[in-house]
Amino acid sequence: MRHGRGETTAPIPGQWRHPDGQPSGDRGRKAPPTHHPVVFVLDKHGRPLQPCTPARARKLLTAGRAVVHRHTPFVVRLKDRTVQDSEIQGVEVGVDPGSKATGVAAFTTQTGARTGLLAIEVRHRGGQIRDKLTARAALRRGRRSRNLRYRAPRFRNRARPKGWLAPSLQHRVDTTMSWIERLRRWAPVIQLHVERVAFDTQLLQNPTIQGAEYQAGELAGYEVREYLLEKWKRRCAYCGASGVPLNIDHIHPKARGGSDRIANLTLACVPCNQAKGSTPVEVFLTGRPVVLARILRQVKTPLRDAAAASSTRWALWRALTGTGLQVAVATGGRTKWNRARTGAPKTHTLDALHVGVLDTVTRWPGTTLVATSTGRGSYARTRSDRYGFPRLRLPRIKQVWGFATGDLVHAVVPSGVKRGTHTGRVAVRSTGSFNIRTKTGLVQGIHHRHIRLLQRADGWAYTHQPEGQPTDA
C-alpha cells in the first residue's frame with residue numbers, strides 16, 4: 001500500500017501514526033519518557049556550571065551550600081564551588097523560529113542521543129507592536145490633515161540601512177537572542193542548532209529543477225508535507241477536522257488531469273478523502289459554496305506566518321553566528337522526520353529539540369516554560385484620547401510598598417472572597433490594593449501585606465504548561 005499524494009491510506013498494523021497523518025516507519029515506536037526540567041547552577045563567581053536535577057538542587061539548598069539566584073527559570077548559585085573545581089560536559093541549544101512563538105530547547109548529546117533539559121516557548125508580541133505603530137501613524141496623519149500645529153512629516157528624508165527589518169519583525173530576532181544570551185549566562189552552552197524557516201517553493205513546483213537527487217533518500221516528500229501542514233493549519237480543508245490522520249489530496253483530481261503542483265495540493269481527513277475520490281472539487285462541494293470559496297482563496301494565499309519567519313531567518317542566523325558559537329542549520333523537513341522517528345508530538349519546543357542531525361531522543365521535560373513578552377512599560381507620561389491629545393497624567397512613582405507593575409509575586413490570602421494562593425504578575429495601585437494576573441485569570445484587590453516578591457519585572461510573563469500541547473505558529 002503506497003502512501004502517496006492523493007492516496008487514501010490507513011495505519012499499518014503495529015505502525016505508529018503521527019497526528020499529522022504521516023507514519024513514522026518504526027513499528028511500535030513509543031514516545032520517550034518525560035522528566036522534570038533541570039535547575040541551572042552557577043559557581044560562587046556567577047559562572048555557569050553543568051545543570052543538575054531538582055532533587056540535587058533541593059539538597060544543596062537544604063545543606064546551605066547554595067542560594068537561590070533566580071526564581072523563573074530556577075537558578076541556584078553555589079557557595080563553595082568554582083568552574084575550575086567542576087567537570088562540565090556542556091549544553092546545546094536548539095531553536096525553532098516561528099511567527100507568533102519560538103521554541104527553545106536545552107539538551108545534552110551523547111553518541112547521537114539527545115536528552116532534553118529545559119523547554120522554553122518564547123511568545124512574541126510582534127502583532128502588538130505592529131498595531132501600535134499603525135495607530136501612531138494614523139494619529140499623526142490625522143493631526144497633519146486637520147492643519148494643527150504639529151511637525152511636518154519627516155519620513156520622506158530618512159534612509160533605511162541595509163538589512164533593515166520592520167520593528168515587529170526585528171522584535172522576533174531580539175527576543176530570541178535575548179533568551180539565547182540568558183541561557184549562556186546560566187548554562188555552559190557549546191553549540192546552537194537552528195531550523196531554517198524557508199520553503200523552496202520553486203523546488204516544490206518542479207522536483208527535478210536541479211536533478212532527481214532532491215527527491216532521493218529518507219527525507220523525500222517531507223518538505224512538501226510540512227509545507228502543506230503549515231499552509232492548511234493542520235486541518236482538513238473540507239470539514240476542518242484536526243488531530244486526525246491527514247492525507248495529501250489533489251484539489252483538481254489527478255485522474256482528471258490534475259498536476260502535482262503545490263498549488264493543486266491540500267489536506268483531507270480519511271473520510272473526506274474517500275468521499276471525494278476523483279470527483280472535481282466544484283462538484284464535491286456543490287452544497288457548500290462558502291467552503292469552496294475558502295479553499296480556492298486559500299490556495300492562492302501565501303503563508304503569512306511562514307513569510308514573517310522567513311524574512312527574519314538571515315538576521316537571526318547572523319545574530320547567532322555573532323555569538324562565536326558553532327551554529328548548525330537544518331530544514332523543517334528534517335525536523336519533521338526526526339519527530340516522526342522518535343514519536344514526538346508537534347510543538348515548538350519539541351521541534352527545537354529535534355532540529356538537526358540526531359539518532360534518537362532519550363527523554364524530554366514533561367513541562368514547558370511559556371515566556372510571553374510583555375515589554376517594560378512605556379515612556380508616555382499621559383494617556384491620550386481618540387484624537388491623540390492627552391487626557392490623563394500617569395504617576396511618576398513606579399514602586400508602591402516595594403512592588404512595581406510587572407513583578408512576579410506570590411500572594412497567600414487567608415480569608416475572604418479571594419482566599420487562596422495566587423502567583424503571577426502584579427499591577428500596583430497607590431491605594432495598596434493590587435491586581436495579580438495568574439495563569440487562570442485576573443485577581444483584583446489583593447492587599448500588599450499578603451504579597452511576597454519572587455522576582456523583579458524583566459519584561460516577561462511566565463506560566464507552565466504540560467509538554468505536548470500544540471500551539472500556533
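Trainee: What makes Asp260 partly exposed?

Mentor: In this predicted model, Asp260 has a relative accessible area of 31%. Buried means under 20% and exposed means over 50%, with partly exposed in between, so Asp260 with its 31% is called partly exposed.

Trainee: And how do you know that Asp260 and Lys254 meet in a salt bridge?

Mentor: The N to O distance between their side chains is 3.2 Å. The cut-off is within 4 Å, so this pair qualifies. The structure holds 12 salt bridges.

Trainee: Why does the contact of Arg339 with Asp351 count as a salt bridge?

Mentor: Their closest N and O atoms are 2.6 Å apart, and the limit is 4 Å. The pair links distant parts of the chain, with Arg339 in helix H11 and Asp351 in helix H12, 12 residues apart. Both Arg339 and Asp351 are buried.

Trainee: What makes helix H11 mostly covered?

Mentor: Of its 11 residues, 10 are buried, including Trp337, Asn338 and Arg339. Just after H11, Gly343 takes a positive phi of about 80°.

Trainee: Helix H12 has Ala352 too. Why is Ala352 called buried?

Mentor: Its relative accessibility is 0%, and buried means under 20%, so Ala352 is buried. The C-alpha atoms of Ala352 and Pro97 are separated by 8.5 Å, though these residues are 255 apart along the chain.

Trainee: Good! Now Arg456 and Asp407: which of the words buried, partly exposed and exposed fits each?

Mentor: Arg456 has 39% relative accessibility, so Arg456 counts as partly exposed. Asp407, with a relative accessible area of 1%, is buried. They form a salt bridge, with the closest N and O atoms 2.9 Å apart. Arg456 lies in the loop between strands E24 and E25, and Asp407 in the loop between strands E19 and E20, so the pair ties together parts that are 49 residues apart in sequence.

Trainee: How do you know that His193 makes a polar contact with Glu92?

Mentor: Their side chains come to 2.6 Å, and a polar contact needs N or O atoms within 3.5 Å. His193 lies in strand E10 and is buried, with a relative accessible area of 7%.

Trainee: Last one: why can Lys132 belong to a patch on the surface?

Mentor: Patch residues need over 30% relative accessible area. Lys132 has 60%, so Lys132 passes that cut-off and is exposed. Lys132 lies in helix H2 and gathers with Arg383, Arg391 and Lys398 in a patch of positive charge.

How values were computed:
Residues numbered from 1 in each chain as written. Predicted model: local features only at pLDDT ≥ 70, side-chain atom pairs only at ≥ 80, totals over all residues. Heavy atoms only, no water. Patch = residues over 30% accessible without salt bridge, like charges linked within 9 Å, V, L, I, M, F, W, Y side chains within 5 Å. Areas by Shrake-Rupley, 256 points an atom, 1.4 Å probe, with all protein chains shown as cover. Lys, Arg positive; Asp, Glu negative; His and termini not counted. Charge placed at Lys NZ, Arg CZ, Asp CG, Glu CD. Helix = DSSP H or I, 4+ residues; strand = E, 2+ residues; numbered from the N terminus. Buried < 20%, exposed > 50% of the residue type's maximum accessible area, 1.4 Å probe, protein only. Polar contact = N/O pair within 3.5 Å; in protein donor to acceptor, adjacent residues only side chain to side chain.
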